[in-house]
Amino acid sequence: MATLYYAVLIFSAVLIGAQQEEPCEVEKCPQYGPTEVEPVLTLLPVPWNCSQYVACDRGVQMLRPCPLGLHFNAVLMVCDYPDHANCVERCTSPT
């Protein structure tokens with residue numbers, strides 16, 4: 001019985017360790033040269049927070065919040081209802 005207890009305990013520790021998320025970074029904003037014109041504002045998802053996104057303005061990242069209760073929809077590039085956005089927080093914040 002004690003062997004089974006220790007086996008379950010070790011297995012649980014392995015599962016908990018496997019589920020811990022690694023820190024990650026936001027995708028880099030595109031860089032534009034001094035003579036290039038950016039056709040549209042680039043919006044990027046924040047992988048650790050579905051209620052935020054990154055707005056890129058000529059290569060400069062600006063973290064922006066979605067309105068309360070909405071998530072960033074990376075396909076449509078808008079803040080959307082969570083069931084439409086299909087956002088999954090994939091990692092933890094690097095800071």
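**Exercise 1. The nonpolar surface patch**

Which residues make a nonpolar surface patch of about 300 Å²?

Solution. The structure is a predicted model.
Step 1. The patch is made by Val 75, Leu 76 and Val 78.
Step 2. Place one member along the chain: Val 75 is found in the loop between β4 (71–73) and β5 (78–80).
Step 3. Classify Val 75. Its relative accessibility is 74%, and the cut-off for an exposed residue is over 50%. Val 75 therefore counts as exposed.

**Exercise 2. Overall make-up of the chain**

State how many helices and strands the chain has, and give their order along the sequence.

Solution.
Step 1. Two helices and five strands are present.
Step 2. Reading along the sequence gives the pattern α-β-β-β-β-β-α.
Step 3. As for burial, 26% of the 95 residues of the chain count as buried.

**Exercise 3. Strand order in the sheet**

Derive the layout of the open sheet of three strands from its pairings.

Solution.
Step 1. Take β1 (residues 42–45) and β2 first: they pair in the antiparallel sense over four bridges. Within this pairing, Leu 44 stands opposite Val 54 in β2.
Step 2. The connection between β1 and β2 has six residues, and the two strands form a hairpin.
Step 3. Next, β2 pairs with β3 (residues 60–65), also in the antiparallel sense, over six bridges. Three positions trace the β2–β3 pairing:
- Gln 52 stands opposite Pro 65 in β3.
- Ala 55 has Met 62 in β3 as its bridge partner.
- Asp 57 has Val 60 in β3 as its bridge partner.

Step 4. β2 and β3 form a hairpin too, with two residues between them. In that turn, Arg 58 has a positive phi of about 55 degrees.
Step 5. Put together, the order is β1-β2-β3 with antiparallel pairing, in an open sheet. The edge strands are β1 and β3, each of which pairs on one side only. On average, neighbouring strands of this sheet are turned by 30 degrees against each other, direction ignored.

**Exercise 4. Burial and the nonpolar cores**

Is strand β2 (residues 52–57) mostly covered or mostly uncovered, and which residues make up the largest nonpolar core?

Solution.
Step 1. Strand β2 is mostly covered, with five of its six residues buried.
Step 2. The largest nonpolar core has nine residues: Cys 24, Val 26, Cys 29, Leu 44, Val 46, Trp 48, Val 54, Cys 56 and Cys 91. Another core, of six residues, lies apart from it and includes Leu 43, Tyr 53, Leu 70 and Phe 72.
Step 3. Compare the memberships within the paired strands. Leu 44 and Val 54 belong to the largest core, and Leu 44 stands opposite Val 54 in the β1–β2 pairing. Leu 43 and Tyr 53 are among the residues of the other core.
Step 4. Recall a general rule: in a regular strand the side chains alternate between the two faces of the sheet.
Step 5. Check one residue of the six-residue core. Leu 43 is in strand β1. Its relative accessible area is 17%, so Leu 43 is buried, the cut-off being under 20%.
Step 6. Relate Leu 43 to β2. Leu 43 and Cys 56 are 13 residues apart in sequence, and their C-alpha atoms are 6.1 Å apart in space.

**Exercise 5. Positive phi outside glycine**

Where in the chain do Met 77 and Asn 86 lie, and how accessible are Met 77 and Asn 86?

Solution.
Step 1. Met 77 is not a glycine, yet its phi is positive, about 60 degrees. Met 77 lies in the loop between β4 and β5.
Step 2. The relative accessibility of Met 77 is 38%, so Met 77 counts as partly exposed.
Step 3. Asn 86 likewise is a residue other than glycine with a positive phi, near 55 degrees. Asn 86 lies in the segment after α2 (82–85).
Step 4. With 61% relative accessibility, Asn 86 counts as exposed.

Notes. Residues numbered from 1 in each chain as written. Predicted model: local features only at pLDDT ≥ 70, side-chain atom pairs only at ≥ 80, totals over all residues. Heavy atoms only, no water. Buried < 20%, exposed > 50% of the residue type's maximum accessible area, 1.4 Å probe, protein only. Pairing = 2+ DSSP bridges. Core = buried A, V, L, I, M, F, W, Y, C linked by side-chain atoms within 4.5 Å. Patch = residues over 30% accessible without salt bridge, like charges linked within 9 Å, V, L, I, M, F, W, Y side chains within 5 Å. Areas by Shrake-Rupley, 256 points an atom, 1.4 Å probe, with all protein chains shown as cover. Salt bridge = Lys/Arg side-chain N within 4 Å of Asp/Glu carboxyl O. Axes fitted to C-alpha atoms, helices over the stretch in contact; angles between N-to-C directions.
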